[in-house]
Amino acid sequence: MSVSYWQDRASGVSEYDVTIIGGGLAGLSTAFWLAQSDSSLKIAVVEKYLVGSGASGRNAGFITCGSVEHFNRMVGKHGEKQACAIWKFGEKNLELLQEKIIGSNAEELGLESKGSFSLAGSEGEFTELKESAALMKNLGINVDVLEEQEIKARLGANHFVGGIKYTGDATVNPISLLHHMKNKLLIPQGIEIFENHEVFEIQNHGDKRIVKTNLKNFESDIVVLATNAYLPLINNYFADKIYPTRGQILVTEKVPRFMEGPCYANFVLDYFRQLPTGEMLIGGFRQLQKDTEVGYSDQTTEEIQTALESFLAHHLPPLKGKKITHRWSGIMGFSADGDPFVGALPADPQLFFIGGFTAHGVGLAFHTAKCLSELIFGGEVPSFINARRFG
Ligand SMILES: Cc1cc2nc3c(=O)[nH]c(=O)nc-3n(C[C@H](O)[C@H](O)[C@H](O)COP(=O)(O)OP(=O)(O)OC[C@H]3O[C@@H](n4cnc5c(N)ncnc54)[C@H](O)[C@@H]3O)c2cc1C
């Protein structure tokens, strides 16, 4: 959207120390950590729709360690030491979320700490999972290998040749988490959240940045871009660093609970979990439509929804004949190398950014935002999330 001369003249300007663009998990978490570091900061969060309208309110709620691939592949790509550091970074994310945000509200926020399973549909993938488990055990990461029969017994799932269970992961109701952050933590601390404000331009005025929206303009010393998949629409720097990628999910009616914990399948591409209230959530299969699943079109497609239903029928007998009650999609920000990033624009050191969570923001964004806050205050960030790696 653009804004006319008349609309612009009618908008007032308000002054802040920091303006954060994007009311998702990354934006709210950044606001949280900045306020923790300096409670006198005047912070505005500016969101185009409502808090949680983007991927943060549309995801599956897995709070999991690791990245887009099995651990053996992480080791192949980064080496053992760095792969272990990335895993520990995810563990710390959950620890920080529990300590700073969730506290005694676990039940209200739908938090369940049941670990997570990675299931293999083929012998080849099971070999990789066993290799991953061996590497993880060597590094002190708590993981068990499961054979086919155990998967049937503990998860009610058929046609998986084997799998592994990592005990440290959790799941959450993502929108409850965001609303809790907004209403119970950020607003009471004096952080102002402006919903239905779409940013269309950021101007430089000497030491100040003016963030222009459809309703009001924000003048501040520092601006943080936390618009995830939409980063390339705000600044061309992100054109070769972020790829908007659609994810699709469906949810069934309730059945009595039968699964021990949430599961990934098919090399972390597909995922399913039974919600605390009994419904089954399943998502993934973007690999079936690689061309159409990249871009900003935020609608479900028949091909992927049919594949999700076929997966249920094939693997999860307790769901046979159950009604689908919800279907939705969301746009994720995939980074060029699968890891998230924080940094400042080379052309403007006061314009910071956070993003690229590549389908793992619930598992990574809170800790990543802490690192961004430290960077803004002059600190260093771990190399695997440092945007300088892109050159
Ligand atoms: C279907 C699906 C399933 C997923 N499952 C999981 C999971 O189980 N576990 C996990 O860890 N991750 C999962 N993810 C990924 C996770 O949701 C994201 O990594 C995370 O939410 C990213 O948070 P964010 O704040 O960076 O982005 P977002 O939540 O997308 O927030 C960006 C915000 O910026 C706003 N915005 C954009 N442009 C403008 C503008 N011009 N002006 C103002 N505001 C603007 C948007 O409206 C949006 O609210 C999933 C994602 C999807 C879509």
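Start with the whole chain in cartoon view: 10 helices and 18 strands are there, taken as DSSP runs (H or I of at least four residues for helices, E of at least two for strands) and numbered from the N terminus. The radius of gyration is 21 Å, close to the 21 Å that the globule rule gives for 391 residues, so the chain is as compact as a globular protein of that length. That radius is taken over C-alpha atoms, and the rule is 2.2 Å times the number of residues to the power 0.38.

This is a predicted model, in which local features need pLDDT of at least 70 and side-chain atom pairs pLDDT 80 or more, while totals for chains, interfaces and linings use all residues. Residues are numbered from 1 along each chain as its sequence is written, and side-chain values use heavy atoms, without hydrogens and water.

Keep the full chain selected and draw a box along the principal axes: the C-alpha atoms fill roughly 65 × 45 × 45 Å. Colour by burial next; 55% of the 391 residues count as buried, that is, under 20% relative accessible area with a 1.4 Å probe, protein chains only.

Now select helix α5, residues 123–138, and within it alanine 133. Alanine 133 has 2% relative accessibility and therefore counts as buried. Show its neighbours: leaving out residues up to four places away in sequence, alanine 133 touches Val143, Val145 and Ile164, where contact means heavy atoms within 4.5 Å.

Last, add threonine 64. From alanine 133 to threonine 64 the C-alpha distance is 16 Å, with their positions 69 residues apart in sequence.

Methods
Buried means under 20% relative accessible area, exposed over 50%, partly exposed in between (1.4 Å probe, protein chains only).
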